[in-house]
Amino acid sequence: MSSVDSNQEHLSQSDPSPSPNSSSSFELIDMDVSSLYEPVSSHWFYCKVIDSKEIWIPFNSDDSQQLEEAHGSGKECNERVVPTDGGRYDVHLGERMRYAVYWDEPPSEVRRCTWFYKGDKDNKYVPYSESFSQVLEETYMLAVTLDEWKKKLESPNREIIVLHNPKLMVHYQPVAGSDEWGSTSTEQGRPRSVKRGVENIPVDIHCGEPLQIDHLVFVVHGIGPACDLRFRSIVQCVNDFRNVSLNLLRTHFKKAQENQQIGRVEFLPVNWHSPLHSTGVDVDLQRITLPSINRLRHFTNDTILDVFFYNSPTYCQTIVDTVASEMNRIYTLFLQRNPDFKGGVSIAGHSLGSLILFDILTNQKDSFGDIDSEKGSLGTIEDQGDVPTLEEDLKKLQLSEFSPVFEKEKVDKAALALCTEKDLQEMGIPLGPRKKILNHFRTRKNSMGVNRPATSASEVNSPKENGDYLDVGIGQVSVKYPRLNYKPEIFFAFGSPIGMFLTVRGLRRIDPNYKFPTCKGFFNIYHPFDPVAYRIEPMVAPEIEFEPMLIPHHKGRKRMHLELREGFTRMSMDLKNNLLGSLRMAWKSFTRAPYPALQASETAEETEAEPESSSEKSSGLCLGSSDSSHPEVNTEETPVEVKEDLPINVGMLNGGQRIDYVLQEKPIESFNEYLFALQSHLCYWESEDTVLLVLKEIYQTQGIFLDQPLQ
């Protein structure tokens, strides 16, 4: 223990605080503590393993208090299950484990923490185990009560902790070394600081989330298991998206929160990559993968091939089944855990995930008659609304006398639609009535879109003779699209290749009257440098050119570099038009035929009056002769203003509102768009502008608006 004593002496020499052996030190203790012991305040932490390193993260203040109350509830506390993190995780107090509710995730250890020591490689504090923390607390209580310090304890790992005084407590970790004879000896390493109570360590403890959930959003990822440049999973990226939304609700919906009109929006991830690659396809791919450039080929098999999987009938069926069944499962579980939830549901997809959702939405059915027994399939679109019975159909065909025959054979409309002419002949139906019945049901099947990869019954009726319109579903892989157990209110697409895939499938134009059968809203949100993103509006209105809607900055206005760029562009256009106008006027004066003096003066007055009147109408300014160039400026800038101000018919995909929304690039991104192309495709998870647009559109459906409209 001599090394311990030497380290203690080194600590006392290097620390400017008084030594515990000096009288001034005792005076300090008497002044600060006064022999009064106060129990330590506890806080609950959970452990996350990130890059093979354990990191202890504190629960938010509300969850920690809830866990503490459950811990002190009595003998039955070990059987308690406490929901935390907005109900997305459950903590089993008896096991001291934290389990994810809606997705698969390894469970994490939970601790009730009171004492901490500084870690090895970073400045983060690590909590002691609950049992050893209790030993430390008892030793500390005796030291304070009896005023006896320099207490030494040995941890379960045979490490030494010394309590010098209330403000100086150190942890010595043994370091194994070998002498010249080869024998090993244990020496004390560098001392590490020990802290009592969470209030004495540098850690951020957030407040809890609002209990009220106003809206539920399912988020579907794109290709590969990683969703950003830090190779994080969809769960971690959606956590960032949710945290940004909570911050924006506090800043941009402050009045609504103060009036308790809103709570929060819950975002839940939907993972389809893991089920797809658990089918055994990875083993098959590994057998045929070349051994060279191993890491690149593994990356290709794990990410890029997801696009080809989606174009394969076998694996496309797996993907759409996984996405739809996961959303239905999570929705049912969410309602079970939140029985008072009365809000709506929306869906969001990133990259390929948005295309998957688009195909699922285009193959939904508007009627919600029998959700469990009827799985909306790609090739069958049934009647909606009032469906005539078999007796009514036969009466319309003036074949009512054959109703008893079908009743005897227990043939309804569905069975009759499957009957062949031979079946009808065996039932004793004569030739003429047989032909009428078969023709009637064959015509009905064709009119309702059977065996077509169409979207809804008649909303994509398009003229086939000139090829201007094609069904949205053309070129889709022939799979059965499952049915969702809810009607999504809005569909958000982030960095979406939907437009490109529809074009490759052979779709030249989307019928302006087309809309999703069960979803009212559709927003195509993208970064201007995103290499995967494509527009939708030009496919609805290809005859006119117009810019997408610019998403306002979350702090208001445009970014400064964009305003400067537009200002310089406008200035250069003004200079160009002024120069061209002056040259044009000079050329006219040289080439004009000679007139009498009176006519020449009248002509000059007319030519001056016309620019003045036109400039007064357009801008209200008329300053001297230089204004003669204003008509030229206005004639070139007017189409741009008309495109922005006048309503543009972009169809009914978003209820008649605009569909394409573009983010504003950051100043550093504008220097070289190629350098930031990949980052632009993965920027949506932490983009305040994207999250604010999502929140704004969701809460507008509830009649709640931003505190101050962004411009």
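Residues are classed as buried under 20% relative accessible area, as exposed over 50%, and as partly exposed in between. The structure described here is a predicted model. With a relative accessible area of 34%, Glu109 falls in the partly exposed class. The side chain of Glu109 meets that of Arg111 in a salt bridge, with an N to O distance of 3.2 Å. Arg111 counts as buried, because its relative accessibility is 17%.

In total, the structure holds 26 salt bridges. A further one of these is formed by the side chains of Arg96 and Glu130, at 2.8 Å from N to O. Arg96 is placed in the loop between strand E4 (89–92) and strand E5 (97–100), and Glu130 in helix H4; the pair therefore ties together parts that lie 34 residues apart in sequence. Arg96 is buried, at a relative accessible area of 16%, whereas Glu130 is partly exposed, at 26%.

A salt bridge is also found between the side chains of Glu266 and Arg242, with 2.9 Å from N to O. Because Glu266 belongs to strand E16 and Arg242 to helix H5 (residues 234–252), this pair ties together parts 24 residues apart in sequence. Both Glu266 and Arg242 are buried. The two residues are also members of one network, in which salt bridges with shared partners join Arg88, Glu209, Arg242, Arg264 and Glu266.

Strands of a sheet pair through backbone hydrogen bonds, in either a parallel or an antiparallel manner. One open sheet in the model consists of 6 strands in the order E2-E1-E6-E5-E4-E3, with antiparallel pairing. Its edges are taken by strand E2 (53–58) and strand E3 (81–84); each has a single partner strand, so one side of each is left without a neighbour in the sheet. From one strand to the next, the twist averages 35°. Within this sheet, strand E1 (residues 43–50) pairs with strand E6 (residues 108–113) in the antiparallel sense over 4 bridges. Trp44 has Arg112 in E6 as its bridge partner.

A second open sheet is made of 7 strands in the order E16-E15-E17-E18-E19-E21-E20, and here the pairing is parallel. Strand E16 (264–270) and strand E20 (549–550) are the edge strands; each has a single partner strand, so one side of each lacks a neighbour in the sheet.

Strand E19 (residues 521–526) of this parallel sheet is mostly covered, with 6 of its 6 residues buried. Gly521, Phe523 and Ile525 point one way from E19, while Phe522, Asn524 and Tyr526 point the other way; residues of both groups are buried. E19 pairs in the parallel sense with strand E18 (residues 490–494) over 5 bridges, and Ile490 stands opposite Gly521 in E19. Between E18 and E19 the chain crosses through helix H17 (residues 498–504), and this β-α-β crossover is right-handed. E19 is also joined to strand E21 (residues 660–662) by 3 bridges, and these two strands run parallel. In this pairing, Tyr526 stands opposite Val662 in E21.

The loop between helix H21 (630–645) and E21 contains Gly651. This glycine is buried, since its relative accessible area is 2%. The C-alpha atoms of Gly651 and Ala541 are separated by 7.9 Å, although the two residues are 110 residues apart along the chain. A further pair that is distant in sequence involves Leu142, in helix H4 (residues 130–146). The C-alpha atoms of Leu142 and Tyr37 are 8.9 Å apart in space, and the residues are 105 apart in sequence. Leu142 counts as partly exposed, because its relative accessibility is 46%.

On the surface, a nonpolar patch is formed by Ile293, Leu296, Phe299, Ile304 and Phe308. Together these five residues have about 510 Å² of accessible area. Leu296 is located in helix H9 (residues 294–310).

Conventions:
Residues are numbered from 1 along each chain as its sequence is written. This is a predicted model: local features need pLDDT of at least 70, side-chain atom pairs count only at pLDDT 80 or more; totals for chains, interfaces and linings use all residues. Side-chain values use heavy atoms; hydrogens and water are left out. Patches are made of residues with over 30% relative accessible area and no salt bridge: like charges are joined within 9 Å, nonpolar side chains (Val, Leu, Ile, Met, Phe, Trp, Tyr) within 5 Å. Accessible areas come from the Shrake-Rupley method with a 1.4 Å probe; for residues, only the protein chains shown count as cover. A salt bridge is a side-chain nitrogen of Lys or Arg within 4 Å of a carboxyl oxygen of Asp or Glu. Buried means under 20% relative accessible area, exposed over 50%, partly exposed in between (1.4 Å probe, protein chains only). Two strands pair if DSSP finds at least two bridges between them. A crossover is right-handed if, with the strands pointing away from the viewer, the path from the first strand over the helix to the second runs clockwise. Axes are lines fitted to C-alpha atoms, for helices over the stretch in contact, and angles run from 0 to 180 degrees between N-to-C directions.
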